[in-house]
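Let's take a walk through a protein model together, one piece at a time. Keep the structure open beside you as you read.

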Amino acid sequence: MAKTIYVDNAATTPVSDSVLEAMMPYLKEVYGNPSSLYHVSEEPKAAIAKARDQVAKALNCEPREIFFTSCGTESDNWALKGYAVQMKKRDKTHIITTNIEHHAILHTAQFLESQGFDVTYLPVNEDGLVTAEQVRDAIRPETGLVSIMYANNEVGTIFPIPEIAEVCHEKEVILHTDAVQAVGHVPIDVKAQKIDMLSLSGHKIHAPKGIGALYVRKGIMPVNLLHGGGQERGRRGGTENTAFIVALGQAITDAVENMEKNTDHCRRLRDRLIEGLLAIPATRLNGARDPRLPGNVNVSFEGIEGESILLMLDAYGICASSGSACTSGSLDPSHVLLALGLPHAIAHGSLRLSVSENNTDEEVDYILEHVPAIIERLRNMSPVWDKENQRMIMEDDNLKK
């Protein structure tokens, strides 16, 4: 393996130099418990306050509306489970979400169904989108919460959150958005966009794994998910992870300050990859062309399995991911791709490449040099590929964009 090209940034990102530098003192020298009263606690306490200010500034909210968590999954669970308890006190038992949410939302919604809540899973169109009108039509008198992701983690589709928020506020329903994939990559203003709760995670923007946050608009606090001490103003028990909180503050500041430059770079690489991969016969782009996350590429190749693509890419040092869940022990393809209407056979042959500001044109050249040969080799080995005519064009024009 001559080199490593990492294009799976939607899964996780490397810790940046500036983030590592910011957090290092709090791993050794500045070790005091931020919640203690002695002088050793003053500096870590101040560092946490600064990080809270940084996250709040990035989202345009008040620092007291930011609560640090361990990850985006915890934030999602807290938002849904915690607010569901508040809903029930007002005889609100209906929740609305979509059928392509991250499993942190879907599995939490399923749990709430087991607790007596009714959940509507809105279907998406072939681009992976739902509309504000769909949300409006789904709201009932007993609806208390709408949870719709800001951008999809697999196909990169960006949802019309401001329009959905308008509907929710008109109907006096709370809106939560899982913005784990969006924060730091697209402009978000929770006040202007009328978002009530928002989940984010640090390791998608060059902070370490194990730190996240939940924004909660003042006045609608969900009940606690974790009970214990009085940390996070009594809302989340557990000694504060000072170093990682500092890392998140630095990472989100860097991301917002460099967003325009990074977005232009990632979008250019993304579009080069999309055009190059779509030149391969019987290939389709999954998700909307626009609006789409600047670094997301998701394509399906007819006649082959995603796991085979990943293994052969890895032999060339290319790290990517597939929309098929076989690598996690399931034989089912991605629920997202199936929700877009892809047949199982085509959904199994998907490839997600997610670029960051660290990727280069030379890396894109390298990927586009090797992927066509990999696809040809796999199709020649595939028992389901029609070798007689190679299916140069998919039968359904809607499968080719």
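Helix α4 covers residues 103-114, and its length can be checked with simple arithmetic: at 1.5 Å a residue, its 12 residues should span 16 Å, and its end C-alpha atoms are indeed 16 Å apart, so the two values agree. Bear in mind that this is a predicted model.

Which residues of α4 are buried? They are Ala-104, Ile-105, Leu-106, Thr-108, Ala-109 and Leu-112. The elements that cover them include the helices α3 (72-89) and α11 (335-339), along with the strands β3 (94-98), β4 (118-122), β5 (143-147) and β6 (174-178). Just after the helix comes Gly-116, which takes a positive phi of about 100°.

One of those covering strands, β3, holds Thr-97. Thr-97 has a relative accessibility of 1%, so it counts as buried. A polar atom of its side chain lies 2.7 Å from the backbone oxygen of Ser-147. Beyond its close neighbours in sequence, Thr-97 is in contact with residues including Ile-105, Val-119, Tyr-121 and Ser-147. Ile-105 is also one of the buried residues of α4.

Now move along to β7. How many of its residues are buried? The count is 5 of 5. Met-197, Ser-199 and Ser-201 are on one side of the strand, while Leu-198 and Leu-200 are on the other, and both faces are covered. This fits a general pattern: in a regular strand the side chains alternate between the two faces of the sheet.

Strand β7 pairs with β6 in the parallel sense and with β8 in the antiparallel sense. Strand β10 pairs with β12, also antiparallel. Here are the three pairings side by side:

| Strands | Direction | Bridges | A pair of partners |
|---|---|---|---|
| β6 and β7 | parallel | 3 bridges | His-176 and Met-197 |
| β7 and β8 | antiparallel | 5 bridges | Ser-201 and Gly-212 |
| β10 and β12 | antiparallel | 5 bridges | Val-299 and Leu-351 |

What holds such pairs together? Strands of a sheet pair through backbone hydrogen bonds, either parallel or antiparallel.

The loop between β7 (197-201) and β8 (212-216) contains Lys-204. The unreviewed UniProt entry places the feature "modified residue: N6-(pyridoxal phosphate)lysine" at this lysine, Lys-204. Is Lys-204 buried or exposed? Its relative accessibility is 12%, and buried means under 20%, so Lys-204 counts as buried. Its side chain reaches the backbone oxygen of Ala-11 at 2.8 Å. Contacts of Lys-204 farther along the sequence than four places are with Ala-10, Ala-11, Thr-13, Val-180, Gln-181 and His-185.

Val-180, from that list, sits in the loop between β6 and β7. Val-180 is buried too, because its relative accessibility is 12%. Although Val-180 and Ser-201 are 21 residues apart in sequence, their C-alpha atoms are 5.4 Å apart in space. Val-180 is in contact with Gly-72, Ser-199, Leu-200, Ser-201 and Lys-204, leaving aside neighbours within four places in sequence.

Finally, look at a second region of strands. Here 3 strands form an open sheet in the order β9-β10-β12, with antiparallel pairing. Its edge strands, β9 (283-285) and β12 (350-354), each pair on one side only. On average, neighbouring strands of this sheet are turned by 25° against each other, direction ignored. Helix α10 (residues 306-315) lies across β10 and β12, and runs at about 45° to β12.

Notes
Residues numbered from 1 in each chain as written. Predicted model: local features only at pLDDT ≥ 70, side-chain atom pairs only at ≥ 80, totals over all residues. Heavy atoms only, no water. UniProt positions renumbered as here; feature names shortened; annotations may be inferred. Helix = DSSP H or I, 4+ residues; strand = E, 2+ residues; numbered from the N terminus. Buried < 20%, exposed > 50% of the residue type's maximum accessible area, 1.4 Å probe, protein only. Contact = heavy atoms within 4.5 Å. Polar contact = N/O pair within 3.5 Å; in protein donor to acceptor, adjacent residues only side chain to side chain. Expected span 1.5 Å × (residues − 1). Pairing = 2+ DSSP bridges. Axes fitted to C-alpha atoms, helices over the stretch in contact; angles between N-to-C directions.
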